[in-house]
Amino acid sequence: MGASFITGRRRLCRKLGAAAAVLVLSHSAACALDDLWTLQFGPTGRGAGDATTEREQLKAFERNPPPGFPTLSSANIAATKAAIARYEDIVAAGGWKSVPSARVKPGEDHFAIVELRDRLIVSGELPASAAGGTTLDGTLVEALKAYQTTNGLTPNGRLDETTVAALNVTAEDRLKQLKTNLRRLTEMAAVVKPQRKYVIVNIPAAQVEAVALNKVISRHTGVVGKVDRPTPLLRSTITEMNFNPVWRLPPTVIQKDLIPQGREMQAKGENVLVKTGIEAYSDGRKVDPEKVDWNSSTVKSYSYRQPPGKDNPLGFVKINFASGESVYMHDSPSEGLFGRNFRAASSGCIRVHNIERLAYWLLGQNDGWTPEKVEKMKATGERKDVRLATPVPLHFVYITAWATEDGTIQFRRDLYNRDGVAEIATSY
């Protein structure tokens, strides 16, 4: 690989920021770590030469985010302090103007593009020389993609409702988020620093990181708790995996989902247990689903479980760790949610895309566990519980604003409204 090629890639990295730039780096370069820590687990998407549509490429990006830098790296503390100083200057200079609500595709003209250019000049995605002009041209498209990437949005290069909302979070609120998250980041960076290997779930980003020796081995798109059923913050240790597990419905799902659905279907002459394959138990004995009256109080005393299978919402593997809130991480038979920009849709547990890769990495110290064996467990549906030979620390964190060692500043929506900022920062 020639020096000029590498230099060109580095320029692109500085232009787009770390998250976007990883898209142009080779997979082998991203995974060049010691064999003990390196993850090699099959392809994660289509090859660059395949004829895929733009939509398919964007969905692939959403489902398979580039590794980037560890969110909890100690190096991010100094970087975030520098970002705070930068945003203090932006605020002192008057911040930025709002971008008018508009839907504009690349190549189109719209009066809102003038304000978009000014907005991206202030935050640094565009040079001052790019001011003026009403066309969403190629240079502006690339700058907008860079902004979308560093704000947790799908980098489609279009001005749309979601992007406008993110752009219109005030500079004052972004500065407040950076200061609030510096405290969170400082605390958690100290916790993970001595840990050679750990997993984090950044709830607002709806992403999972497998980290070893301060390198992101793999980053996974996740689905986190709904706003009214938030995923809890926690520090725990992953100790076990259940392959093709039985799903034991938690109380929240029983009360807020199963019973209401059971009543609704019963009114239509249908049976939710028969349709879903969920089984009801009373004092350890299976209850005849045809005899369950969803309008009676008895249904609240039953326990419910769903056997392994293609419709089991846990998918083919469940990752266990101690949790006072009875949450866990798991696969999902439904791929649809992983391709969405907004992924707060669970009852508090974490669904993980490409969980096979994470499972194999966690089992790295267990004899005989190869990628092929993990795939076999998925293909055969065999029930098996496996204790990790080396338990792995796990952290559920809430980080909505941070900077990385390359100077890139990242923001995410304040999903559960914990930053004390305007509502617009919680809802895009």
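Two strands count as paired if DSSP finds at least two bridges between them; helices (H or I, at least four residues) and strands (E, at least two) are DSSP runs, numbered from the N terminus. You're looking at a predicted model, where local features need pLDDT of at least 70, side-chain atom pairs count only at pLDDT 80 or more, and totals for chains, interfaces and linings use all residues. Numbering starts from 1 along each chain as its sequence is written, and side-chain values use heavy atoms, with hydrogens and water left out.

Start with the whole protein: 14 helices and 15 strands. Of its 428 residues, 50% are buried (under 20% relative accessible area, 1.4 Å probe, protein chains only).

Now select 251-267, which is helix α10. Its 17 residues reach 23 Å from first C-alpha to last, close to the 24 Å expected at 1.5 Å a residue (1.5 Å times one less than the number of residues). Zoom in on Leu-258: α10 bends there by about 30° (the angle between axes fitted to the seven residues ending there and the seven starting there). Pro-260 follows within four residues.

Leu-258 is also one of the buried residues of α10, along with Val-253, Ile-254, Ile-259, Gly-262 and Met-265. What do they pack against? Show β5 (247-248), α11 (272-276) and β8 (303-306). Just past the helix, click Gly-269 for a positive phi of about 80°.

Next, the sheet. Four strands form an open, antiparallel sheet in the order β5-β8-β6-β7. β5 and β7 (285-286) are at the edges with a single partner strand each, so one side of each has no neighbour in the sheet. Finish at β6 (279-282), joined to β8 by 3 bridges; Glu-279 has Arg-305 as its bridge partner.

Terms used: Contact = heavy atoms within 4.5 Å.
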